[in-house]
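Visitor: Could you take me through one part of this model closely, the open sheet and what packs around it? I would like the cut-offs spelled out as you go.

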Amino acid sequence: MENKRLRFGLIGTGLVADFHAKALQASAETTLVAACDPNGERLAKFAKTYGCEAESSTEAMLARKDLDVISVLTPNATHAELGIKVAAAGKHCLVEKPPDMTLEKTDRLIAAFDRSGTKLAICLNCRFRKALVPIREALAQGRFGTLLSGDVYMKWFRPDSYYHLDSWRSSREHGAGVTVQQAFHYYDLLLYLLGPISRVWARMDNLAHPGVPVEDSTTALFEYANGARGVMQASTAMYPGSDLRIEINGSKGTAVLVGERLVRFQFEDERPEDAAVLQIGAQQGPTGAAGAASFQYFEHQYLIEDLCEAIRRNRDPRITGREGRKTLELALAMYDSAETGGWVSVGGA
Ligand SMILES: NC(=O)c1ccc[n+]([C@@H]2O[C@H](COP(=O)([O-])OP(=O)(O)OC[C@H]3O[C@@H](n4cnc5c(N)ncnc54)[C@H](O)[C@@H]3O)[C@@H](O)[C@H]2O)c1
C-alpha cells in the first residue's frame with residue numbers, strides 16, 4: 001500500500017465530479033479508474049473526457065476488486081444510502097457534503113463505517129484553504145484576545161437556470177437551497193475556527209428566483225459556546241456575486257478572509273512575519289461567487305490526499321463523518337429557526 005497509488009471509482013458524474021477528476025489526475029497519490037451514473041450520456045462524456053472506465057451500475061462498481069476508494073458525488077439526500085453500500089463492500093469512501101439531509105441517516109452512515117473499519121471522509125474541501133492556517137495558529141496562541149465575533153458574508157449569484165439544471169436543485173427534501181447547498185462550507189469554517197455554536201436564529205427567503213420553491217437567501221445570528229457572537233448572510237441572489245468574506249474579531253486582533261486571501265491580519269502584539277501572511281492566496285482564481293463551476297480543484301486535491309494518508313497510516317481523515325455531522329446539525333437548527341421564528345439550541349446545548 002505504501003508506494004501504490006490508491007484507485008478511485010466515482011458514483012455520480014455531474015458538476016462536482018469534474019473537480020474530483022481533475023484533483024485525482026493531478027495527485028501523485030491517486031488514479032481515477034472508473035465512474036458510474038444512471039445518466040448514460042453524462043457518464044459517457046465524463047469517461048471520454050477523463051479517460052476512465054464507464055461502469056454499468058453502482059452495484060457493478062462496488063463489486064470490483066481493483067478499487068480502494070469510492071467517492072459519492074450524488075444529490076445530497078442520496079449520500080447515506082450510497083455510502084452505506086460502500087462500507088458494506090469493504091471500501092474506503094469520500095462523501096460530498098453534506099453527509100446527508102437528516103441526522104438519523106448521517107448516524108447510520110457513520111455507524112456503517114464504524115462497523116466496516118474502512119475510512120469515511122466528508123468533502124468539506126474549504127477547510128484546506130491555506131489562509132486558514134495562520135488564523136488557526138493565531139487563535140491557538142490567543143492573539144485575538146477575547147473572541148467577540150465570527151461572521152460570514154457569502155453574497156453570491158446563481159441565475160435561474162442553475163436551479164433547473166437537475167430536479168433535485170429546487171427540492172428542499174433533496175438538499176437544495178442556499179443554506180445547505182452553497183453556504184454549508186462557510187459556516188463549517190466558522191465552526192472549524194471558533195468552535196461550537198450553541199444557539200442560532202435564522203430567516204430564509206427567496207429574493208430573486210421566482211418559481212423556485214427553495215430559499216436563495218439566509219440571514220442568521222449565531223451565539224458561540226465561547227461567548228462570541230456572529231452574523232451570516234448567505235445568498236445566490238446578489239448579482240454579479242462577490243467573493244466570500246469571513247471576519248473574526250477579538251479584543252486584541254482581527255482577521256478578514258476574502259475568497260482565498262487574508263486581507264487583514266492585525267493584532268495588538270504586532271509581529272514582522274504577519275505581513276507575509278497577506279500574500280497567501282494573492283494569485284487566487286475564482287472561488288464560486290459567480291457560478292457553480294467557477295472554482296478551483298486544489299482544495300479537493302488536498303482533502304483527497306489527506307484521505308489517502310489516513311488510509312495508508314490507519315488514522316482518521318481530517319474531516320470525519322462526525323465532523324460533517326456537526327455542521328449538518330447547525331444547518332438543521334437554522335431550518336428549525338426559520339420555521340418557528342425563534343432561537344434554536346444546537347446539538348442539545
Ligand atoms: N465540495 C464542493 O465544493 C461541492 C461543489 C458542488 C457540489 N457539491 C456536492 O456534490 C454533490 C453533487 O452535486 P453536483 O452539483 O455534481 O450534482 P449534479 O446533479 O450535477 O450531479 C449528480 C449526479 O449524480 C447522479 N445520480 C443521482 N442519483 C444517483 C444515484 N442514486 N446513484 C448514482 N448516481 C446518481 C446524477 O445522474 C447526476 O449526474 C452534492 O452533494 C453537492 O452538494 C460539492
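Guide: Happy to; here is a walk through the open sheet, then its surroundings and a few backbone details.

This is a predicted model, in which local features need pLDDT of at least 70 and side-chain atom pairs count only at pLDDT 80 or more, while totals for chains, interfaces and linings use all residues. Residues are numbered from 1 along each chain as its sequence is written.

Let's start with the sheet itself. It is open and built from 6 strands in the order β3-β2-β1-β4-β5-β6, with parallel pairing. Helices (H or I, at least four residues) and strands (E, at least two) are DSSP runs, numbered from the N terminus, and two strands pair if DSSP finds at least two bridges between them. At the edges sit β3 (53–54) and β6 (120–123), each pairing on one side only.

Within the sheet, β1 (residues 6–11) and β4 (residues 69–72) pair in the parallel sense over 4 bridges. One of the residues involved is Leu10, whose bridge partner in β4 is Ser71. Further along, 4 bridges join β5 to β6, again running parallel, and Leu94 has Ala121 as its bridge partner in β6.

Strand β6 is worth a pause. In a regular strand the side chains alternate between the two faces of the sheet. Here both faces of β6 are covered: Leu120 and Ile122 are buried on one side, Ala121 and Cys123 on the other. "Buried" is a count: 20 or more other C-beta atoms lie within 10 Å of the residue's own, against 12 or fewer for exposed and anything in between for partly exposed, with C-beta atoms placed from the backbone.

Now for the helices. Helix α2 (residues 40–50) lies across β2 (30–36) and β3, and runs at about 160° to β2; axes are lines fitted to C-alpha atoms, for helices over the stretch in contact, and angles run from 0 to 180 degrees between N-to-C directions. Contact between two residues means that their C-beta atoms, placed from the backbone, lie within 7 Å.

Helix α11 (298–313) also belongs in this picture. Its buried residues are Glu299, His300, Gln301, Leu303, Ile304, Leu307 and Cys308, and they pack against β1, α1 (17–26), β2, β5 and β6. The 16 residues of α11 should span 22 Å at 1.5 Å a residue, and the end C-alpha atoms are 22 Å apart, which agrees; the expected span is 1.5 Å times one less than the number of residues.

Just after α11, Asn314 takes a positive phi of about 50°, and this is a residue other than glycine. Asn314 lies in the loop between α11 and α12 (321–340). Asn314 counts as exposed because 9 other C-beta atoms lie within 10 Å.

Another backbone detail follows β5 (92–96): Pro98 lies in the loop from that strand to α5 (103–116), and the peptide bond from Lys97 to Pro98 is cis, with omega near -15°.

Finally, the ligand. Of the 23 residues around the ligand, Gly12, Gly14, Leu15, Val16 and Glu96 come nearest, where a residue is near if its C-beta atom, placed from the backbone, lies within 6 Å. The shell has 8 nonpolar, 10 polar and 5 charged residues; Ala, Val, Leu, Ile, Met, Phe, Trp, Tyr, Cys and Pro count as nonpolar, Asp, Glu, Lys and Arg as charged, and the others, Gly among them, as polar.
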